[in-house]
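Colleague: I should be grateful for a close look at a single part of this model, with an explanation suited to a first-year student. Please take one helix and its surroundings, and then follow the chain outward from there.

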Amino acid sequence: QDQLPQVISGERILWTMAAKAFTAPIRWGICGVGSISNDFCLALNHNKSKIQACAARDLSRAEAFAKDFSIAKAYGSYKEMAEDEEVDVVYVGTVHPAHYELASLFMKAGKAVLCEKPLAMNEAQVTGLIDLAKEKDVFFMEGMWTRTFPVARKIREILDSGRLGAPHAVTSDFGFVGPENKDDWLWKPETGGGALMGIGCYNVAWASFALGTEMPEVKAVGKVNDSGVDTRASIGLSYPTGVASLTYGLDANYPEETRIMCEKGFVAVEQWAHTPTKAKVVVCETRTDQKTEILEEALPKFDEKACGGRKVVYPNSEGFVYQAQEVEDCLLKGLKESPVFPLQESLTNCKIMDEVRRQLGVVYEADRQAGCTAM
């Protein structure tokens, strides 16, 4: 197949190749029918996207989900949906430890894949998935939906324009009081629980957004609970171009704000920064002479009577519309990864998270299987 020109976003050079030509409408398959898939499908419905199939391990749950979302086919196994030739792209919305197996299943079947964050449990798995995507010549993206929000795109344009000069520092926090139920997935290592994998990954992604995809030095301190997952931590990252201070936790309420400090000003992303709808851009002529610009974009409003009256489960999930549009746009253009969150960035951020977990002492079963004995 012919090599397409490389797509360049800032300093990010993406892998793209001419391959299977997609035409509208893009046909979605939904892997998993839990809360996050509920929210994503509400966004697909709002976007008037075509949901061709859904799959769960329990056929009755898949059928109930399909009824509410008017999905043509419901499967009681993921393998059956992988074999469906009428599915173009699969959204993997299962628990974290299942991402590697399921993303592999669908890519081996020639499907494009949008996999929820975190992409997989460790560097070995993420590397394997990226290699498989290239081998099978399919589109692959981690669901770091923050990047697809209009406010995040505007910030990217401003940073790339040089108006603020080079960014040299990032501060980012994210946290809330986790569920009282200790059987919730967030508290269980077997379901990939812990604050880093659940929410701290967003803070890491803000650091790489501003400071690049080169592996930084990592220092982390925090608390691990009796079940073996992290409940809070503070991370220091030192990149060649700057530093980042990241704080996250599941035992306190955080303002959830992000700031990017540059040579000629700064950007302040207001609450809730992982789903950014408002930011302040400050250009500093001098230390006291400052000019402020407000970036703001309201979330879409869903039809409350659609999809069996289903509602979003997670705050600001209306923003999934932007992620769906990004994936469909990439597929129609023949891209194999998204310019807003390239696979190299997914890999570097996974390596950062691996090192944070190593320093905190958080070990998952996937680490043991990969022989990550240092963790």
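Modeller: Directly after helix H2 comes Ser70, a residue with a positive phi near 55 degrees. The model is a predicted one, and the description that follows should be read in that light. Helix H2 itself spans residues 59-69, and its buried residues are Ala62, Phe65, Ala66 and Phe69. These four lie on the same side of H2, because they cover an arc of only 100 degrees around the axis.

What do the buried residues of H2 pack against? Their partners are strand S3 (27-31), helix H1 (35-46), strand S4 (50-55) and strand S5 (73-75).

Strand S5 leads to a salt bridge. Lys73 lies in this strand, while Asp84 is in the loop between helix H3 (78-82) and strand S6 (89-92). The closest N and O atoms of this salt bridge between Asp84 and Lys73 are 3.3 Å apart. The two residues are eleven residues apart, and the pair links distant parts of the chain. Is each partner buried or exposed? Asp84 has a relative accessibility of 5% and therefore counts as buried, the limit being under 20%. Lys73, with a relative accessible area of 26%, is partly exposed.

Two further salt bridges, each within one helix, may be set beside this pair. In helix H6 (residues 150-161), Arg156 and Asp160 are four residues apart, which means that about one helical turn separates them. Their side chains meet in a salt bridge of 3.2 Å, N to O. Arg156 is buried at a relative accessible area of 16%, whereas Asp160 counts as partly exposed at 42% relative accessibility.

Helix H8 (residues 320-333) holds the other example. Lys333 forms a salt bridge with Asp329, with 3.0 Å between the closest N and O atoms. Here too the partners are four residues apart and separated by about one helical turn. Lys333 counts as exposed at 54% relative accessibility, and Asp329 as partly exposed at 33%. To return to the earlier pair, salt bridges that share partners join Lys73 and Asp84 with Glu86 in one network. The total count is 18 salt bridges.

Finally, the surface deserves a word. Trp185, Val313 and Tyr314 make a nonpolar surface patch of about 260 Å². Of these, Trp185 is placed in the loop between strand S9 (167-175) and helix H7 (195-211). Trp185 is partly exposed, its relative accessible area being 31%.

Conventions. Residues are numbered from 1 along each chain as its sequence is written. This is a predicted model: local features need pLDDT of at least 70, side-chain atom pairs count only at pLDDT 80 or more; totals for chains, interfaces and linings use all residues. Side-chain values use heavy atoms; hydrogens and water are left out. Buried means under 20% relative accessible area, exposed over 50%, partly exposed in between (1.4 Å probe, protein chains only). The arc is that of the directions from the helix axis to the C-beta atoms. Contact means heavy atoms within 4.5 Å. Patches are made of residues with over 30% relative accessible area and no salt bridge: like charges are joined within 9 Å, nonpolar side chains (Val, Leu, Ile, Met, Phe, Trp, Tyr) within 5 Å. Accessible areas come from the Shrake-Rupley method with a 1.4 Å probe; for residues, only the protein chains shown count as cover. A salt bridge is a side-chain nitrogen of Lys or Arg within 4 Å of a carboxyl oxygen of Asp or Glu.
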